[in-house]
Amino acid sequence: QVQLVESGGGSVQAGKSLRLSCAASGILFEIYVMGWYRQAPGEQRELVAEATDDGETVYADAVKGRFTISRDNTDNTVYLQMNSLKPEDTAVYYCTARRYSAYWGKGTLVTVSS
């Protein structure tokens, strides 16, 4: 049974930082593309960042230079370090694992106030 469990969300003021974690189980973690998506109220879900199995990373333009994705293949965990947060970063953040199939976590809420 595949499980992706996010943690680290919360409420912060603009300019502050948060670090999201996603613990994966039930998959061969090191071969999966791990990513973070987000969905703001009334908006479509969008890609935030991805880290491939060979270490390449991709970021949405809106978060480049502020967010950093990293993965620990020994601990089956992917992280999203979010710095200089803005109110427009407010959303539910979802962890994903993609290879032959795509798996999703249940999400963690990030609220950024001005």
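Which side chain does Asp-53 meet in a salt bridge? Hold that thought while I get the ground rules out of the way.

What you see above is a predicted model, where local features need pLDDT of at least 70, side-chain atom pairs count only at pLDDT 80 or more, and totals for chains, interfaces and linings use all residues. Residues are numbered from 1 along each chain as its sequence is written, and side-chain values use heavy atoms, with hydrogens and water left out.

Okay, back to the question. The partner of Asp-53 is Arg-99, at 3.4 Å from N to O. These two come from distant parts of the chain, 46 residues apart: Asp-53 sits in the loop between β5 and β6 (57-59), and Arg-99 in the loop between β9 and β10 (102-104). When I say salt bridge, I mean a side-chain nitrogen of Lys or Arg within 4 Å of a carboxyl oxygen of Asp or Glu. And the β labels are strands, meaning DSSP runs of E with at least two residues, numbered from the N terminus.

How open are those two residues? Asp-53 is partly exposed at 36% relative accessibility, and Arg-99 is partly exposed as well, at 40%. The cut-offs there: buried is under 20% relative accessible area, exposed is over 50%, and partly exposed is in between, using a 1.4 Å probe and protein chains only.

By the salt-bridge rule, the count comes to six. Another one of them pairs Arg-98 with Glu-50, at 2.9 Å from N to O. That pair also links distant parts of the chain, with Arg-98 in strand β9 (residues 91-98), Glu-50 in strand β5 (residues 46-51), and their positions 48 residues apart. Here the two ends look unlike each other: Arg-98 is partly exposed at 39%, whereas Glu-50 is buried at 10%.

Then there's Asp-61 with Lys-64, where the closest N and O atoms are 3.1 Å apart. Asp-61 counts as exposed, at 64% relative accessibility. Besides that, Arg-38, Glu-46, Arg-66 and Asp-89 are joined into one network by salt bridges that share partners. As a reminder, side chains of opposite charge can pair when their charged atoms come close.

Now the cysteines. How many disulfides does the structure hold? Just one, taking a disulfide as a pair of cysteine sulfur atoms within 2.5 Å. Cys-22 and Cys-95 form it, with their sulfurs 2.1 Å apart. Cys-22 lies in strand β3 (residues 18-25) and Cys-95 in strand β9, so the bond ties together parts that are 73 residues apart in sequence. The link is left-handed, with -80 degrees about the S-S bond. For the bench people: Cys-22 is buried at 0%, and Cys-95 is buried at 0% too.

Last stop, the sheet that β3 belongs to. It's an open, antiparallel sheet of four strands, in the order β1-β3-β8-β7. Why are β1 (3-7) and β7 (67-72) called the edges? Each has a single partner strand, so one side of each is left without a neighbour in the sheet. Strands count as paired here if DSSP finds at least two bridges between them. β1 and β3 are joined by five bridges, while β3 and strand β8 (residues 77-82) pair over six.

If you want to trace it on screen, start at Ser-7, which stands opposite Ser-21 in β3. Carry on from Ser-21 and you reach Tyr-79, opposite in β8. Arg-19 has its bridge partner in β8 too, namely Gln-81.
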